[in-house]
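Me: I would like a close look at one part of this model. Please take the place where the two chains meet, then work outward from it.

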Amino acid sequence: MTAPAPARAKPAPVPTPETQPYWDGCAAGELRLQRCADCSEAFFYPRPVCPACGSARVEWFTASGRATLYSYVINHRPAPGFESDGPYAIAVVQLAEGPRMMTNITGIPNTPEDLVLDMPLQVTFEQRGDVSLPLFGPAPGAGAGGSS
Amino acid sequence: MSPGIIIAGAAETTRLGKIPDVSTLGLHIDGALNAVADAGISLKDIDGIATVAAPGPVQVAHALGITPDWIDGTGVGGTSFLLHVRHAAAAIRAGYAKTILVTHGESGRSRIGAARPASTAALPLGQFEAPYGTLGPTTTFTIPALRYMKNYGLTHEQLAYVAVAQRKWAARNPRAAFRDPITVADVLASRLVAYPFHLLECCLVTDGGGALIITSADRAADFPKPAVHVLGTGESSETPMISQMVDFTESQAFRLAGRDAFAEAGISTSDVNHLMIYDAFAHVPIYGLEALGFVKKGEAGGFISDGHTEPGGSLPLNTNGGGLSYTHTGMYGMFAIQEGVRQVRGEAAAQVDGVDISVILGNGGMFATSGVLVLGGSPR
């Protein structure tokens, strides 16, 4: 009998100087985004220039963590580290502040019946190696999706 | 007016499918030799080279004994070869080269001599998408579809029908990997890969390649095959991260590349006799038909399920069977061009009557990049 292969870890992000404040925010339990000091556009992913107007005057702020479910797939061929999760949703959420981001959906079954587009969500955080990773779950008091 | 550009030679690798006895570089060489033979020229006539890395244009040129005056290594995914044709046209017009070879070879299935992808852990893609369990195009290219389905009422059956329609073309093509007819029920009964996509709504993974010879139209009479004129070209990019698409119900890159190609060619959709839309997944032809303006937003699913794109329909689409049924090495754009060339020449396996204008829409890095070519049987 051969020993089972060692469980692989889920991929952890490798921060860069420009993105470190984002990951520091996650470690503090906050979703931090950037906003342009000239045109006020909020944007994601972190970078040292505003994609809307080209200004380099960008500033960090703490987002509400509120979002809605924009689109997703339920993946049946797991990525390394996700083998024991069963089919899992790879989702894109619409943040209340405007930008969209990819995430996983936690706290609710990842089925087409439970994951209803536009359902309200709230950020939560999961430790991944040295990094805290933002995930999203059903917004408190909003019910758990289902056949609405 | 700019001098005209033609595709003087075009050929695929001798074999497609599972080719474990030929390396990635070997597939480039095989495709190049076939294209050179198709054009009735010698490798020594070639003075420009374009392909993607790896192996890249320097390796391919060296292996073939070509010393280029012009090199293009644009590597933006499966549409790269459409961009190579566009860039080659510009180079020929500028006088940088006269006879340009564009090659594709990919051991997508057997992985013989294939390059390993570079680590992206510290790139935005690695930091903000990979941690959520993405694993290649099946998990990312597919994500916009549910939003499209909700906003425009596209049904699971209509999505499945894209694969059914293309299988009808593949059934007429002896080189297609999958030729047996399928039904919507078959598609929906195939296993889920990434909901809402089933296996039969995802492209194949094969080995193969192909090559093109691009030159100026004033030499059209010098070659054995009918010249295929490059009437218009376009290219654009949107985002390397699927999560950052501006609107999940449409491809900005498709639209912009198509707009430029149609404008340069001076054509409208009513001029088009034949269409190729790179179909890595079943939703991509839907996005492509709408981005190019063949139908209004939200109508493409019904247009396909009503039979307009299949044999006998008004707009023959993906007539080789497409990435869903013909072949898909990983960078399918070369095969879409090859089928457009065959249709304009009148030598396709599932030949459409009277093809004067063929349009090819390529995507690269999923919805990241797009190239569009307008090919014609005569100059305009």
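How many residues of chain A are in contact with chain B, and with how many residues of chain B?

Reply: The model is a predicted one. In it, 32 residues of chain A are in contact with 28 residues of chain B. On the side of chain A that touches chain B, strand 4 (66-75), strand 5 (88-95) and strand 6 (100-103) of chain A each supply at least two residues. Strand 4 of chain A gives the most, with six residues. By class, this side of chain A holds 21 nonpolar, seven polar and four charged residues.

Strand 4 of chain A also pairs across the chain boundary: two bridges join it to strand 5 (residues 192-195) of chain B, and the two strands run antiparallel. Within strand 5 of chain B, Tyr195(B) is the residue that stands opposite Ile74(A).

Behind the contact, chain A is divided into domain 1 (16-63) and domain 2 (64-126). The centres of these domains of chain A, taken over C-alpha atoms, are separated by 22 Å. Eight residues of domain 1 of chain A are in contact with nine residues of domain 2 of chain A. The side of domain 1 that touches domain 2 has seven nonpolar residues, one polar residue and no charged residues.

Two backbone details of chain A can be added. Ser40(A), in the loop between strand 1 (32-36) and strand 2 of chain A, has a positive phi of about 70 degrees although it is not a glycine. Ser40(A) counts as exposed because it has 10 C-beta neighbours inside 10 Å. The peptide bond between Phe44(A) and Tyr45(A) is cis, with omega about 10 degrees; Tyr45(A) lies in the loop between strand 2 (42-43) and strand 3 (58-62) of chain A.

On the other side of the contact, chain B contains an open sheet of nine strands in the order 3-2-4-7-1-8-11-10-9, with mixed pairing. Strand 3 (70-72) and strand 9 (274-277) of chain B stand at the edges and have a single partner strand each, so one side of each is left without a neighbour in the sheet. From one strand to the next, the twist averages 25 degrees. Strand 9 of chain B pairs in the parallel sense with strand 10 (residues 357-364) of chain B over four bridges, and His274(B) stands opposite Ser358(B) there.

Strand 7 (residues 207-216) of chain B has nine of its ten residues buried, so it is largely enclosed by the rest of the structure. Strand 1 (residues 5-12) of chain B is joined to strand 7 by seven bridges and runs antiparallel to it, with Ile214(B) as the bridge partner of Ile7(B). Strand 4 (residues 100-107) of chain B pairs with strand 7 over eight bridges, also in the antiparallel sense, and Gly105(B) stands opposite Gly209(B). Helix 1 (residues 24-39) of chain B lies across strand 1, strand 4 and strand 7 of chain B, at about 40 degrees to strand 7.

Chain B has backbone details of its own. The peptide bond from Ala53(B) to Ala54(B) is cis, with omega near -15 degrees, and Ala54(B) lies in the loop between strand 2 and helix 2 of chain B. Met366(B), in the loop between strand 10 and strand 11 (369-376) of chain B, has a positive phi of about 65 degrees although it is not a glycine. Met366(B) is buried, with 25 other C-beta atoms within 10 Å.

Key
Residues are numbered from 1 along each chain as its sequence is written. Chains are lettered from A and ligands numbered from 1 in the order in which they are written. This is a predicted model: local features need pLDDT of at least 70, side-chain atom pairs count only at pLDDT 80 or more; totals for chains, interfaces and linings use all residues. A residue is buried if 20 or more other C-beta atoms lie within 10 Å of its own, exposed if 12 or fewer, and partly exposed in between; C-beta atoms are placed from the backbone. Two strands pair if DSSP finds at least two bridges between them. Two residues are in contact if their C-beta atoms, placed from the backbone, lie within 7 Å. Ala, Val, Leu, Ile, Met, Phe, Trp, Tyr, Cys and Pro count as nonpolar, Asp, Glu, Lys and Arg as charged, and the others, Gly among them, as polar. Domain bounds come from an automatic or database domain assignment. Axes are lines fitted to C-alpha atoms, for helices over the stretch in contact, and angles run from 0 to 180 degrees between N-to-C directions.
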